[in-house]
Amino acid sequence: MQGLNTESLKKFKTNAKKKGFAQNIVSASELGLDLSSLSKAAVQVVSTLQKHKFKAYLVGGCIRDLLLGKKPKDFDVSTDATPEQVHRIFSNSRIIGRRFKIVHVVFSGQNIIEVTTFRSNSTAKKGKVNPTRVSAESGMLLRDNVYGKSIVEDSQRRDFTINALYLDPVKKEIYDYNGGLYDMQKGIIDIIGDPDTRYSEDPVRMIRALRFSAKLGFKLSKRTSDPIKRLSALLLEVSNARMFEEVNKLFITGHGYNSFKILRKYNIFELLFPDAGDFLDNKSYIDFVEYALSSSDKRYAENKRNMPHFLYSVILWGVFQNNVFRLRRYSESMVSPMEDNDIVRLALDSVFDNQDKVTDIPMAVSDSIKSLWRMQLVLQQIELLKDYDEVSNRTIFRAAFDFISLRAKFEPYLATCVNFWQPYYVKSAAIAAKRKALKDQKYQQKFSNKKKSKKQKGPKNPATEGFEDETNLSAKRKEQLAKAKAWRASMNLGN
Ligand code: ATP
Ligand code: MG
């Protein structure tokens, strides 16, 4: 991070510690921040809120990543407007969430700007129930919609100092109340507030600390890392759906290899994957997972998407294989041994029954994993198959081939199998590429036809736009249209 020198940043940090959230303002240019890479939509949301006399800033990961010269994944806005007020200002918005109410302002495509209302630390007075903040016995917050008035208050509710930097893109200023800029320069992840309390309120913060360390290559401060091993069991109280999302963020967004390492260091991998945890002293399992994760990190760096089913296929493959092996041995000792199909089904069910206790794997994902694993068994039985083309035409074939090629690096006996299926893979990939090109072409054509017909229709008339041709309409419909037109006229949209 360029910009301010370490000494002046250190003063910020000491100020924050001594005086408690002292205000430190730095101009964006002083930090060498390139504001041209800000999302236009996010800046528009901030300036619109400010025009409506609300306070509004960009906050969190986007500032952190910009300061590090990385491309932000998403842009978050923080404001003193309530979710309902934000929703009223932006017609293209929706309120979501229960634990934390937030507003999504939706722009074209997948461009969503998340707007959160300032949070406050204030709790209910003794003996009074505060319905907007509800916690479980463990201290975990189940709902937290206590709104604050300022960014100072809001910054205390954020997780780490480096995630609590605010940017006003209109004034072009950065606000730091927790010594985040100093920690940025030192490469440190430091939790805000009392670590035990903050982790108990939301155990996911422990995983977030490790994730940011893996992603940014930053170290955890001692106070941030010390309680993790002691409190990690609290993670089991977090909802399985949220855990599924968190695990994806750990592993499929470009730093999976580092995440795997740091999770093992804090004994958290075995909490996230209890059955796979049994393999952590098996070198070939570690090598296999590390190799697969670094390949998917490379894919991410090349702007390719990584899918959750691939991640779980890799991590849980050993568990599935082990289940099959044990069930086969058990079956052999039975008077009437089980069918192999039943063995595979039981082995699969057992993997997912156990893993679902921690991460709620959506059905579409588990179905893909099951097909991919079943295909491993098919691809290995070349001599029993009759129709190779039929196998290579199956949707899951190419993913299954990629997976068996990966395995072959650690299980050399699979090389013949990989060599056998290689030409089928090439053929299947060529067909898929052709299909995609055709689809793209059709899409382009449809798009340009739409454009042409818009041009032919001429410029839009706001007074009539959206109204249908009235010649053949029923009397009732005509009456409805007349009312709509009158409304548009009263709104100055024409007659
Ligand atoms: P990235 O999006 O790159 O994963 P991020 O820091 O933007 O990282 P988000 O999950 O998008 O992470 O959250 C946005 C901001 O909200 C964070 O920077 C942080 O200030 C705050 N935040 C998110 N989760 C928590 C949490 N569990 N506890 C406290 N603050 C949080
Ligand atoms: Mg973010």
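Which classes of residue, nonpolar, polar or charged, make up the shell around ligand 1, and how many of each are there? The shell holds 13 charged residues, three polar residues and one nonpolar residue. The legends below describe close-up views of a predicted model.

**View 1. The surroundings of ligand 1 in the predicted model.** Ligand 1 is surrounded by 17 residues, and the closest of these are R64, N163, D202, R205 and R211. Two helices, α3 (61-67) and α8 (204-216), each contribute at least two residues to this shell. The greatest contribution comes from α8, which provides five residues.

**View 2. Polar atoms placed around the oxygen atoms of ligand 1.** The side chain of R211 has an N or O atom 2.8 Å from an oxygen atom of ligand 1. For the side chain of K215, the corresponding separation between an N or O atom and an oxygen atom of ligand 1 is 3.0 Å. The main chain is also represented: a backbone N or O atom of G61 lies 3.3 Å from an oxygen atom of the ligand. Considered alone, ligand 1 exposes 590 Å², of which the protein buries 85%.

**View 3. Helix α8, a mostly covered element that contributes to the shell of ligand 1.** The 13 residues of α8 should span 18 Å at 1.5 Å a residue, and the end C-alpha atoms are indeed 18 Å apart. Eleven of the 13 residues are buried. The buried set consists of V204, R205, M206, I207, A209, L210, R211, F212, S213, A214 and L216. Two of these buried residues, R205 and R211, are also listed among the closest to ligand 1. Just after the helix, G217 adopts a positive phi of about 75°.

**View 4. Helix α16 and its buried side.** Helix α16 comprises residues 340-355, 16 residues in total, and extends 23 Å from its first C-alpha to its last, close to the 22 Å expected at 1.5 Å a residue. Its buried residues are I343, V344, A347, L348, V351, F352 and Q355. These residues lie on the same side of α16 because they cover an arc of only 155° around the axis. An α-helix has 3.6 residues a turn, so residues three or four places apart point the same way.

**View 5. S93 and its polar partners.** S93 belongs to strand β4 (residues 93-96). With a relative accessibility of 9%, S93 counts as buried because the cut-off for that class is under 20%. Its side chain makes a polar contact of 2.8 Å with the side chain of H87. A polar atom of the S93 side chain also lies 2.6 Å from the backbone oxygen of F90.

**View 6. N24 in strand β1, beside Y175.** Strand β1 covers residues 24-27 and includes N24. N24 is buried, its relative accessible area being 6%. Along the chain, N24 and Y175 are 151 residues apart, yet their C-alpha atoms are separated by 5.7 Å.

**View 7. S366 in helix α17, shown with S313.** Helix α17 runs over residues 363-379 and contains S366. S366 has a relative accessible area of 8% and is therefore buried. The C-alpha atoms of S366 and S313 are separated by 9.1 Å, and the two residues are 53 residues apart along the chain.

Key
Residues are numbered from 1 along each chain as its sequence is written. Chains are lettered from A and ligands numbered from 1 in the order in which they are written. This is a predicted model: local features need pLDDT of at least 70, side-chain atom pairs count only at pLDDT 80 or more; totals for chains, interfaces and linings use all residues. Side-chain values use heavy atoms; hydrogens and water are left out. A residue is near a molecule or strand if one of its heavy atoms lies within 4 Å of it. A polar contact is a pair of N or O atoms within 3.5 Å; within protein, one must be able to donate a hydrogen and the other to accept it, and residues adjacent in sequence count only if both atoms are side-chain atoms. Accessible areas come from the Shrake-Rupley method with a 1.4 Å probe; for residues, only the protein chains shown count as cover. Helices (H or I, at least four residues) and strands (E, at least two) are DSSP runs, numbered from the N terminus. Ala, Val, Leu, Ile, Met, Phe, Trp, Tyr, Cys and Pro count as nonpolar, Asp, Glu, Lys and Arg as charged, and the others, Gly among them, as polar. The expected span of a helix is 1.5 Å times one less than its number of residues. Buried means under 20% relative accessible area, exposed over 50%, partly exposed in between (1.4 Å probe, protein chains only). The arc is that of the directions from the helix axis to the C-beta atoms.
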